[in-house]
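Could you walk me through one strand and its neighbours? I am new to this structure and would like to take it slowly.

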Amino acid sequence: MRFLWIGKFHTDSEEWIHISRELGEYELIIVDSGCLYIGDESKEYCVSKNQYLIMSPTKHQHGTKPSACGFHWIHFTCEQPLTCPANGSVKNWDIIHSILNTMLQSEFQNHNNVSQELLHALLQELAYENTPGSVTRRLLKDKIDDYLKYNQDSNVKIKTLAKSFGYHEKYLSALFYQENHEHLKHYLMQKNMEKGKNLLLNTRRSISEISLLCGFSDAHNFSRSFRKIYRMSPTQLRRTFEQKDK
């Protein structure tokens, strides 16, 4: 699979209709608003808000009906059969939007290798959400790890995850403990410390700013928790690795 291009389109005009053209590669369309009426040589589609469609290469991609709508589009090539269903619904918008926004930023910065990895993650997430049966059942821990990965600049709490996944906070915590024999609160704390360590070593952000990003009200509490895990303060860790790089 090879990522080609990504874009975002929106129109308020009820007169807009998708262009007719030859599509030489796959196109993933994720509709954010309205309804997109589109077709190929064999079928016509109505892709509504919170739905997606993967169109295969075709000699006649065309709009079938005018409408006002908005959608993300991604073009890619693929030599192997896709494991993701060709159409379906988007259930976890937080993760999908995070991936799409990161891909758009990477495209702007010409980081195609990042977009390549994110395309795999995006198709994988859509496959998980739209393939029934136990074969594709994801562990809750994997879902949480993905959410944390694509929301690095926000303080993720149990309340945030529960809202995103559509669970009650207590049920989410109980389900996580049942699967992993570990309390979700403790797991998030460990992940926050890992994020803090990464920010200390790879950015010039202040310790106060990093503390807030890791869910602490002040740098003192962050430093105390950090020391318990890494046996040194955030400042000591940063200085140690700065000296090694000299």
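The questions below follow one strand and its partners.

This is a predicted model, in which local features need pLDDT of at least 70 and side-chain atom pairs count only at pLDDT 80 or more, while totals for chains, interfaces and linings use all residues. Residues are numbered from 1 along each chain as its sequence is written, and side-chain values use heavy atoms, with hydrogens and water left out.

Reader: How many of the 14 residues of strand β3 are buried?
Author: Strands are DSSP runs (E, at least two residues; helices are H or I, at least four), numbered from the N terminus. Buried means under 20% relative accessible area, exposed over 50%, and partly exposed in between, with a 1.4 Å probe and protein chains only. Strand β3 spans residues 26-39 and is mostly covered, and its buried residues number 11.

Reader: Which residue in β7 is the bridge partner of Gly34?
Author: Two strands pair if DSSP finds at least two bridges between them. β3 and strand β7 (residues 69-77) pair in the antiparallel sense over eight bridges. In β7, Gly34 has as its bridge partner Cys69.

Reader: How many residues lie between β3 and β4 in their hairpin?
Author: β3 runs antiparallel to strand β4 (residues 44-48), joined by five bridges. Cys35 stands opposite Ser48 in β4. The residues between the two strands of this hairpin number four.

Reader: Which residue in β5 stands opposite Ile29?
Author: Strand β5 covers residues 51-55 and runs antiparallel to β3, with four bridges joining them. Opposite Ile29 in β5 stands Leu53.
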